Amino acid sequence: MTSDPFTDRLSDYADGELDAAERAAVEAHLAGCAPCRTALDELGAVAARAKALSDPAPPRDLWPGIAAQIAAPTARHPRVSPFRRALSARRFSFTLPQLAAAAVALMVLSGGLVWMARSGDPRADFDPVSAHLEAPEENAPAVRPANFADEHYDEAVADLQKTLESGRQALDAETIRVLEENLAAIDRAIDQSRRALAADPANIYLNTHLASARQKKIALLRRASALASMGS
Amino acid sequence: MRELTLRYDTVLTSGGMTDDVALAAAGDVSAFERVYRLHLPRVHSLVRRMAGDRDTDELTQDVFVRVWQKLGSFRGDSAFSTWLHRLAVNVVIERFRTDTARRQRLLDGEDIFETLAAPSRSRDLSMDFETALTKLPDGAREIFVLHDVEGYKHHEIATLLEISAGTSKAQLHRARMMLRRHLRSDGT
């Protein structure tokens with residue numbers, strides 16, 4: 001630390017950190033002090049040099065060590081159990097890009113499904129199917145409640161698909177095509193989530209999206225089954 | 001028999017899964033490797049400069065492992081590079097926090113330059129600017145890197161390092177005063 005109070009304020013002066021009175025005092029000093037003017041120029045050059053530093057690649061490839069750690073959590077990077085992570089997480093926030101892998105079906109359905117029925121008279125629109133599970137409709141076939149654990153979910157899906165198949169002839173070709181496209185998209189999203197979870201089963205984000213994709217499959221099958229039942 | 005026609009609006013990500021960050025967030029390790037290779041030079045340089053060439057490779061690996069673990073929390077309200085950069089700074093600072101001697105030097109304020117062996121190192125005028133930077137005393141180097149290299153403000157540095165803004169300003173000035181000698185020998 002120098003004993004010159006003005007020299008010690010030069011960085012603050014260069015960075016605009018001084019108030020008006022302090023700045024005026026430093027400027028008055030600089031007018032009569034060549035060494036301080038030189039020092040001020042040099043300090044500015046240091047700051048400029050720092051901003052111009054390049055970022056060379058390291059000489060050693062660090063990826064093998066990283067890949068090993070993310071594949072097999074170590075004591076330094078322990079895997080947090082889903083329960084602990086759920087307790088400590090304040091909220092889940094996901095960007096749209098992050099939904100790409102497991103959310104194709106979510107975006108397909110989030111635009112809304114508009115079912116139109118014609119009976120020879122002017123079309124009547126059904127209410128759009130929302131992305132959320134709806135209360136069972138009067139004509140909806142009885143479905144075992146799905147809690148999205150594999151066993152119960154698979155049974156619920158099988159029940160709905162069976163019901164849909166039995167009333168399939170009541171649906172026109174275009175409806176069947178759209179339905180099959182949607183189901184295929186959801187199944188791809190479910191498969192992708194499952195494969196990603198195989199590598200990271202504690203990932204709350206992926207678990208949430210798998211559950212959501214399954215929920216939408218159930219909702220879609222229920223709606224389709226209901227329409228197939230009404231038409232037959 | 002009534003005819004049923006289904007209309008729906010579809011919103012699909014353009015080209016499917018083409019965003020490496022999104023793919024990595026979903027568990028795609030190959031995509032994450034591409035993210036790593038793209039950002040490695042900047043992250044490694046940041047770590048090397050802040051840590052003074054000590055444990056740089058290990059800390060860099062720690063940064064990317066943390067990125068892998070935290071990808072789900074990236075909300076896209078800033079550029080990914082900005083988010084990654086801030087995470088890298090936090091990883092390095094967390095490592096520093098375990099070093100109580102280092103922490104005490106940060107809090108000592110103006111006594112730092114009287115107690116450390118910096119003068120003998122800084123007399124080597126043949127040292128280039130980048131090398132001289134890594135040889136600065138710990139506290140001054142961290143603050144210089146954060147402020148002059150990475151663009152953080154003093155109040156942000158004060159929060160990150162748990163010091164006062166005044167200490168941040170004082171140490172920045174000291175670092176610049178020491179480095180200006182190597183600017184001359186650097187030919188700039």
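**Entry 1: a starting residue**

I began with Thr131(B), which sits in helix H8 of chain B, residues 129-135. This is a predicted model, so I read local features with pLDDT in mind. I asked whether Thr131(B) is buried, exposed or in between. I found 14 other C-beta atoms within 10 Å of Thr131(B), so it is partly exposed; a buried residue would need 20 or more. Then I looked along the chain from Thr131(B) to His182(B), 51 residues apart. Their C-alpha atoms are separated by 9.3 Å.

**Entry 2: chain B as a whole**

Next I stepped back to the whole of chain B. I listed eleven helices and one strand. Reading along the sequence, I noted the order β-α-α-α-α-α-α-α-α-α-α-α. The strand therefore comes before the helices in that pattern. Chain B has 188 residues, and 45% of them count as buried. I also looked up contacts in chain B with a separation of 6 or more. Of these, 63% join residues 24 or more positions apart.

**Entry 3: a covered helix**

I turned to helix H9 of chain B, residues 138-149. How far does H9(B) reach from its first C-alpha to its last? I read 15 Å for its twelve residues, close to the 16 Å expected at 1.5 Å a residue. H9(B) is mostly covered, with eleven of its twelve residues buried. I wrote down the buried ones by kind of side chain. Ala140(B), Ile143(B), Phe144(B), Val145(B) and Leu146(B) are on the list. Asp138(B), Arg141(B), Glu142(B) and Asp148(B) are buried too. Gly139(B) and His147(B) complete the buried set. After H9(B) I came to Gly151(B), which has a positive phi near 85°.

**Entry 4: two positive phi angles outside glycine**

Most residues other than glycine have a negative phi. I therefore noted two exceptions in chain B, Asp55(B) and Glu162(B). Asp55(B) has a positive phi of about 55°. I located Asp55(B) in the loop between H2 and helix H3 (56-70) of chain B. Asp55(B) has 15 C-beta neighbours inside 10 Å, so I put it down as partly exposed. For Glu162(B), I read a positive phi of about 60°. Glu162(B) lies in the loop between helix H10 (154-161) and helix H11 (165-185) of chain B. Is Glu162(B) buried or exposed? Glu162(B) counts as exposed, because I found 11 C-beta neighbours inside 10 Å, and the cut-off for exposed is 12 or fewer.

**Entry 5: two helices packing inside chain B**

Two packed helices are described by the angle between their axes and the distance between the axes. I looked up both for helix H2 (residues 29-51) and helix H4 (residues 80-97) of chain B. Their axes come within 10 Å and cross at roughly 30°. That makes H2(B) roughly parallel to H4(B). The crossing of H2(B) past H4(B) is right-handed. Which residues meet there? From H2(B) I noted His39(B), Val43(B), Leu46(B), Val47(B), Met50(B) and Ala51(B). They meet Ser81(B), Leu84(B), His85(B), Ala88(B) and Val92(B) in H4(B). By class, I counted eight nonpolar, three polar and no charged residues in the contact of H2(B) with H4(B).

**Entry 6: H2(B) again, now with chain A**

I then found H2(B) in a contact with chain A. The axes of helix H4 (residues 63-71) of chain A and H2(B) come within 11 Å and cross at roughly 140°. H4(A) and H2(B) are therefore oblique to each other. I noted a right-handed crossing here as well. H4(A) supplies Trp63(A), Ile66(A), Ala67(A) and Ile70(A). H2(B) supplies Val29(B), Glu33(B) and Tyr36(B). By class, the contact of H4(A) with H2(B) has six nonpolar, no polar and one charged residues.

**Entry 7: chain A**

Last, I looked at chain A. I listed nine helices and two strands. From the N terminus on, I read α-α-α-α-α-α-β-β-α-α-α. Of its 232 residues, 28% count as buried. Among contacts with a separation of 6 or more in chain A, 66% join residues 24 or more positions apart.

I closed with helix H8 of chain A, residues 173-199. At 1.5 Å a residue, its 27 residues should span 39 Å, and I read 39 Å between its end C-alpha atoms, which agrees. The buried residues of H8(A) include Leu179(A), Ile186(A), Ile190(A) and Ala196(A).

Definitions and conventions. Residues are numbered from 1 along each chain as its sequence is written. Chains are lettered from A and ligands numbered from 1 in the order in which they are written. This is a predicted model: local features need pLDDT of at least 70, side-chain atom pairs count only at pLDDT 80 or more; totals for chains, interfaces and linings use all residues. Helices (H or I, at least four residues) and strands (E, at least two) are DSSP runs, numbered from the N terminus. The expected span of a helix is 1.5 Å times one less than its number of residues. Axes are lines fitted to C-alpha atoms, for helices over the stretch in contact, and angles run from 0 to 180 degrees between N-to-C directions. Angles under 35 degrees count as roughly parallel, over 145 as roughly antiparallel, 65 to 115 as roughly perpendicular and the rest as oblique. A crossing is left-handed if the near helix is turned anticlockwise from the far one by less than a right angle, and right-handed if clockwise. Two residues are in contact if their C-beta atoms, placed from the backbone, lie within 7 Å. Ala, Val, Leu, Ile, Met, Phe, Trp, Tyr, Cys and Pro count as nonpolar, Asp, Glu, Lys and Arg as charged, and the others, Gly among them, as polar.
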